[in-house]
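Trainee: Could you take me through the sheet of this protein, one strand at a time? I am new to this structure, and I would like to start from a single residue and work outwards.

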Amino acid sequence: MSEDIKLIDVYIMGKHYKVPEGLTIMTALEYCGYRLVRGVGCRAGFCGACATVYNFKNDPQLRFDLACQKTVEQDMYLAQIPFFPAAKAIYDIEKLEPVGATVLSIYPLMEKCFGCNTCTKACPQELEVMWYMSDALRGDIPEVMNKSFDCVMCGLCAARCPQGLVPYNYALLCRRLYGRYLAPRSKHLDDRIKEIEAGKYNAEIDKLKKADKNELQRLYQSRDIEAAY
Ligand code: FES
């Protein structure tokens, strides 16, 4: 290894390792020989599979992050939470009304929230979890959707809730209710679906299905891309 690379001390499940500075927690785990078959997914901060709890030597305060996003720091004590046993209700979205009473009837324990804000502190996405819980209790489904939109379902809010609540599943239900019943309809989408159903794109799709890999790559690389501004 180049002498320019600084090694720092971390502790994974209590075991001491030296890892290069600048690695994410996830790449540091792999650097130390851990083969990740749980607790890893997109590696890009979207899927929420890599919830991690850590603190520091001589600093017991627990911190929370996504292993694929957070870089290692000197004297980190790390533990992965690849799965947290959180309650998830089964429901048929087609049979629900988009109102607060629906959310409460499916998740009655939600009322036990006493506003300690631990969920907000645990959220690696820095979402206002406690506030969307309060919006959910008031039946403000659009606001729950807004505040929880960037939730990656990592489960850390549920892991930390002293009442055993599962905020991320309540928010998921609200987002589903919003998407199914409350979101404004997109006329463009309706028009495009009608075009597809009328067969407008069949010839083009057939052509793509018959194209070989090189042709598909050429088409992909020469596609129109919207300017990023
Ligand atoms: S691996 Fe998907 S959020 Fe980290």
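Trainee: Which residue of strand 4 stands opposite Y54?

Mentor: In strand 4, Y54 stands opposite R63. That is a good place to begin, but a few ground rules will help you first. You are looking at a predicted model, in which local features need pLDDT of at least 70 and side-chain atom pairs count only at pLDDT 80 or more, while totals for chains, interfaces and linings use all residues. Residues are numbered from 1 along each chain as its sequence is written.

Let us set the scene before going back to Y54. The protein holds 10 helices and 5 strands; these are DSSP runs numbered from the N terminus, with at least four residues for a helix (H or I) and at least two for a strand (E). With a radius of gyration of 23 Å, well over the 17 Å that the globule rule gives for 229 residues, the protein is more spread out than a compact globule. Here the radius is taken over C-alpha atoms, and the rule is 2.2 Å times the number of residues to the power 0.38. Along the principal axes, the C-alpha atoms fill a box of roughly 65 × 55 × 35 Å. An automatic or database assignment sets the domain bounds, which gives domain 1 (7–80), domain 2 (93–182) and domain 3 (187–221). Between the C-alpha centres of domain 2 and domain 3 there are 38 Å.

Now for the sheet. It is an open sheet of 5 strands in the order 2-1-5-3-4, with mixed pairing. Two strands count as paired if DSSP finds at least two bridges between them. At the edges are strand 2 (15–20) and strand 4, each of which pairs on one side only. From one strand to the next, the twist averages 30°, where axes are lines fitted to C-alpha atoms (for helices, over the stretch in contact) and angles run from 0 to 180 degrees between N-to-C directions.

Y54 belongs to our next stop, strand 3. Strand 3 (residues 51–56) pairs with strand 4 (residues 59–66) in the antiparallel sense, over 5 bridges. Besides Y54 and R63, you can find A51, whose bridge partner in strand 4 is L66.

These two strands also form a hairpin, with 2 residues between them. Look at N58, in the loop between strand 3 and strand 4. Its phi is near 65°, a positive value in a residue other than glycine. A residue is buried if 20 or more other C-beta atoms lie within 10 Å of its own, exposed if 12 or fewer, and partly exposed in between, with the C-beta atoms placed from the backbone. N58 counts as exposed because it has 6 C-beta neighbours inside 10 Å.

Before strand 3 there is another loop to look at: G33 lies between helix 1 (25–31) and strand 3. G33 is exposed too, because 8 other C-beta atoms lie within 10 Å. To get a feel for the span of the model, compare G33 with K194: they are 161 residues apart in sequence and 52 Å apart in space, C-alpha to C-alpha.

Back to Y54, this time looking towards strand 5. Strand 3 and strand 5 are antiparallel and share 5 bridges, and the bridge partner of Y54 in strand 5 is L78. On the strand 1 side, L78 has I12 opposite. Strand 1 (residues 7–12) runs parallel to strand 5, joined by 3 bridges.

Strand 5 also shows a clear pattern in its side chains. In a regular strand the side chains alternate between the two faces of the sheet. Along strand 5 (residues 76–80), M76, L78 and Q80 point to one face and are buried, while Y77 and A79 point to the other face and are not buried.

Finally, step back to the whole protein. Of its 229 residues, 26% count as buried. Two residues are in contact if their C-beta atoms, placed from the backbone, lie within 7 Å. Among the contacts with a separation of 6 or more, 59% are between residues 24 or more positions apart. If you keep one picture in mind, let it be Y54, with R63 opposite in strand 4 and L78 as its bridge partner in strand 5.
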